[in-house]
Amino acid sequence: MHNLIEIKAIVESTYNKINISKKTRERRFCDARKIYSYISRKCTPYSFAIIGSYIKRDHATIVYSMRRCEDYMKTDKKFKNRVRHCMLLASNILDIDTSTYKDRVDIFWSNLTREQQIEIY
């Protein structure tokens with residue numbers, strides 16, 4: 001469960017040392033909780049209830065936060081980059097590989113020129 005403390009610290013530091021356990025609906029707090037929930041579930045074997053207990057939330061909130069995080073990542077590039085940044089920091093600290101095949105392809109694809117992309121596609 002030390003991993004959850006590390007993930008919480010990473011997310012809080014990314015959002016300028018906020019306390020994600022604080023009971024508020026401010027956007028930056030909500031976004032930070034979404035990222036914490038998403039990374040905790042993807043990088044640890046803990047249940048929703050245990051993940052939620054570290055930020056004083058119940059399991060249903062964690063399930064909802066994960067879904068919203070995935071939705072936001074599809075539409076908000078800035079949010080997606082923040083999630084990736086936190087995931088990268090978490091993977092370095094927790095010593096795990098979090099990259100997926102799609103992430104590796106996205107990075108490869110973005111490094112290609114437009115002509116190379118057209119040629120491959």
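**Figure 1. The whole chain, helix after helix.** Follow the sequence from start to end and you get the pattern α-α-α-α-α-α-α. That comes to seven helices and zero strands. Keep in mind that this is a predicted model. The protein has 121 residues, and buried ones make up 36% of them. If you look at contacts with a separation of 6 or more, 60% of them link residues that sit 24 or more positions apart.

**Figure 2. A look into the largest nonpolar core.** As a bit of background, nonpolar side chains in soluble globular proteins tend to be buried together. Here the largest nonpolar core has 27 residues, and the ones touching the most other members are Val-11, Ile-35, Tyr-36, Tyr-38 and Ile-39. Two or more residues each come from helix 1 (2-14), helix 2 (27-43), helix 4 (59-75) and helix 5 (77-94). Helix 2 chips in the most, with seven residues.

**Figure 3. Zooming in on Tyr-36 and its contacts.** Which residues does Tyr-36 touch, once its neighbours within four places in sequence are left aside? The list runs Leu-4, Ile-7, Lys-8, Val-11, Ile-20, Ile-51, Tyr-54 and Ile-55. Val-11 turns up again here, and like Tyr-36 it is among the core residues that touch the most other members.

**Figure 4. Two rings meeting edge-to-face.** You'll find one aromatic pair in this structure. The partners are Tyr-72 and Phe-79, with ring centres 5.5 Å apart; their planes meet at 80°, which is over 60, so the pair counts as edge-to-face. How buried or exposed are the two partners? Tyr-72 is partly exposed, at a relative accessible area of 26%, whereas Phe-79 has 5% relative accessibility and counts as buried.

**Figure 5. Arginines over aromatic rings.** Arg-41 places its charged end over the ring of Phe-48, 4.1 Å from the centre of that ring. In another spot, Arg-82 lies over the face of Tyr-15, and the distance to the ring centre is 4.3 Å.

**Figure 6. Around the second largest pocket.** This pocket has a volume of about 190 Å³. Its lining is made up of Thr-24, Arg-25, Cys-30, Arg-33, Lys-34, Thr-61, Tyr-64, Ser-65, Arg-68 and Tyr-72. Helix 2 and helix 4 are the elements that give two or more residues to the lining. Which element supplies the largest share of it? That would be helix 4, with five residues. Tyr-72, one of the lining residues, is also the ring partner of Phe-79.

Notes
Residues numbered from 1 in each chain as written. Predicted model: local features only at pLDDT ≥ 70, side-chain atom pairs only at ≥ 80, totals over all residues. Heavy atoms only, no water. Phe/Tyr/Trp six-rings, centres within 6.5 Å; stacked < 30°, edge-to-face > 60°. Buried < 20%, exposed > 50% of the residue type's maximum accessible area, 1.4 Å probe, protein only. Lys NZ or Arg CZ within 6 Å of the ring centre and 35° of its normal. Core = buried A, V, L, I, M, F, W, Y, C linked by side-chain atoms within 4.5 Å. Helix = DSSP H or I, 4+ residues; strand = E, 2+ residues; numbered from the N terminus. Contact = heavy atoms within 4.5 Å. 1 Å grid on protein atoms, 1.4 Å probe; cavity = no way out; pocket = protein on both sides within 12 Å on 5 of 7 lines; lining within 4 Å. Points joined across faces, edges and corners; volume = space filled by probe spheres on them.
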